[in-house]
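Got a few minutes to look around a protein model? Here's a quick tour to read with the picture open beside you.

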Amino acid sequence: MNEPRRAGRPVGPPETRPVPTPPSFAPAARRERARSAGGVRPARRRRGGQRLPERAIVFVGPMAAGKTSLGKRVARELGIPFVDTDAQFVRKYGPIAEFFVTHGEDEFRRREAEVIAHELAETGARIVALGGGAVIHEGTRALLAEHPVVLLMTTQEAVLRTANLAKRPLLRDDPSAWGRILRERRPLYDAVADVTFRTDRATKDQLTERTSRWVAAQGRKAWRERNRARPHTPSSEPVKESRSDD
Ligand SMILES: Nc1ncnc2c1ncn2[C@@H]1O[C@H](COP(=O)(O)OP(=O)(O)OP(=O)(O)O)[C@@H](O)[C@H]1O
Ligand SMILES: O=C(O)C1=C[C@@H](O)[C@@H](O)[C@H](O)C1
Ligand SMILES: [Mg+2]
């Protein structure tokens with residue numbers, strides 16, 4: 001069931017700092033600049049001026065659940081940037097599998113948490129996909145409390161069918177470790193998630209649509225809450241209540 005796990009968890013008021021206006025350069029140049037700035041791929045223009053949470057919408061979940069592939073699609077659907085913290089890590093420190101061999105997992109977790117904290121400090125609506133083990137870090141979990149968090153869940157069977165194990169150091173030598181690792185981490189995923197989607201039970205297109213709808217509903221909810229919190233401030237836009245938003 002794709003039901004919110006912690007319905008009503010406050011996402012907090014959207015940031016008021018404006019998102020920097022992109023300069024009117026040629027798209028190719030903008031794409032290149034964004035790529036070298038840390039993995040933020042420019043996305044299609046935000047659809048229909050819709051309200052979205054003005055902060056990172058974070059995708060978490062076990063290895064190969066689909067955070068990167070679905071994250072990219074949802075970002076594109078909503079017209080906002082996509083960031084993958086694994087990719088940012090690689091840009092900064094080199095391949096993750098090699099980092100594990102040279103420095104060990106503890107050092108990887110420390111560096112990974114720094115990369116994530118840096119990314120979550122940025123304002124503006126965007127999709128941020130975390131590495132599968134990012135929730136292990138207590139500091140990261142604390143930061144996630146301020147963001148809408150989507151948990152993508154799947155099964156070992158589905159992962160072993162689709163994932164490229166060579167790129168996943170914790171699975172490469174022992175693919176069946178997936179289930180054991182998930183059992184250990186499951187309470188951490190559940191603790192940070194606002195909603196869960198099963199990626200083994202739907203197509204990528206279906207999931208893109210459902211997840212995008214959920215993200216858009218969070219934006220509308222945050223906007224209504226902000227307006228409710230300021231009853232004496234006249235708004236230039238009327239508040240539209242819709243039960244289907246929640
Ligand atoms: N709904 C889906 N249906 C079929 N295949 C999927 C679905 N979602 C993801 N996949 C496939 O599963 C594989 C893993 O996806 P992806 O790399 O996005 O996972 P991830 O959660 O980012 O993994 P990691 O934790 O290692 O970063 C990919 O081959 C992707 O195409
Ligand atoms: O689940 C994990 O511990 C990991 C998942 C990947 O996304 C990478 O962050 C790395 O391979 C570790
Ligand atoms: Mg990924």
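What follows is a short briefing on the two ligands, a pair of rings and an unusual backbone angle.

Keep in mind that this is a predicted model. Ligand 1 has 16 residues around it, and ligand 2 has 12. D86 is a name to watch, with a side-chain N or O atom 3.4 Å from an oxygen atom of ligand 1 and one 2.5 Å from an oxygen atom of ligand 2.

**Ligand 1**

- Start by finding K67, T68, S69, R168 and K204, which come nearest among the 16 residues around ligand 1.
- Now check out the polar contacts: the side chain of K204 has an N or O atom 2.6 Å from an oxygen atom of ligand 1, and for the side chain of T68 that distance is 2.8 Å.
- D86 joins in as well, with a side-chain N or O atom 3.4 Å from a ligand 1 oxygen.
- How much of ligand 1 does the protein cover? On its own, ligand 1 has 640 Å² of accessible area, and the protein covers 77% of it.
- Two helices, α2 (67-78) and α10 (204-229), each put at least two residues into the shell around ligand 1.
- Of everything that contributes, α2 gives the most to this shell, namely 3 residues.
- If you sort the shell of ligand 1 by chemistry, you get 6 nonpolar, 6 polar and 4 charged residues.

**Ligand 2**

- Here the residues that come nearest are D86, R109, G132, L170 and R185, out of the 12 around ligand 2.
- The side chain of D86 places an N or O atom 2.5 Å from an oxygen atom of ligand 2.
- The backbone takes part too: an N or O atom in the backbone of G132 is 3.0 Å from a ligand 2 oxygen, and a polar backbone atom of G133 is 3.2 Å from an oxygen of ligand 2.
- Ligand 2 exposes 300 Å² when taken alone, and the protein buries 95% of that.
- Which helices each supply at least two residues of the shell around ligand 2? They are α5 (105-120) and α8 (169-172).
- The top contributor to this shell is α5, with 3 residues.
- By chemistry, the shell of ligand 2 splits into 5 nonpolar, 3 polar and 4 charged residues.

**The pocket**

- Look for the second largest pocket, since that's the space ligand 1 takes up.
- Ligand 2 sits in the second largest pocket as well.

**Aromatic rings**

- How many aromatic pairs does the structure hold? There are 6 of them.
- Take F89 and Y93: their ring centres are 4.8 Å apart and their planes meet at 45°, so this pair counts as tilted.
- These two residues are 4 apart in helix α3 (residues 85-93), so about one helical turn separates F89 from Y93.

**An unusual backbone angle**

- Most residues other than glycine have a negative phi.
- A64 goes the other way, with a positive phi of about 65° even though it isn't a glycine.
- Where can you find A64? Go to the loop between β1 (56-60) and α2.
- That α2 is the helix you met above, the one that gives the most to the shell around ligand 1.

Notes:
Residues are numbered from 1 along each chain as its sequence is written. Chains are lettered from A and ligands numbered from 1 in the order in which they are written. This is a predicted model: local features need pLDDT of at least 70, side-chain atom pairs count only at pLDDT 80 or more; totals for chains, interfaces and linings use all residues. Side-chain values use heavy atoms; hydrogens and water are left out. A residue is near a molecule or strand if one of its heavy atoms lies within 4 Å of it. A polar contact is a pair of N or O atoms within 3.5 Å; within protein, one must be able to donate a hydrogen and the other to accept it, and residues adjacent in sequence count only if both atoms are side-chain atoms. Accessible areas come from the Shrake-Rupley method with a 1.4 Å probe; for residues, only the protein chains shown count as cover. On a 1 Å grid over the protein atoms alone, a cavity is a set of points where a 1.4 Å probe fits but cannot get out, and a pocket is an open set with protein on both sides within 12 Å along at least five of seven lines; lining residues have an atom within 4 Å of a point. A molecule sits in a cavity or pocket if more than half of its atoms lie within 2 Å of its grid points. Ala, Val, Leu, Ile, Met, Phe, Trp, Tyr, Cys and Pro count as nonpolar, Asp, Glu, Lys and Arg as charged, and the others, Gly among them, as polar. Rings of Phe, Tyr and Trp (its six-membered ring) pair if their centres lie within 6.5 Å; planes under 30 degrees apart count as stacked, over 60 as edge-to-face and the rest as tilted.
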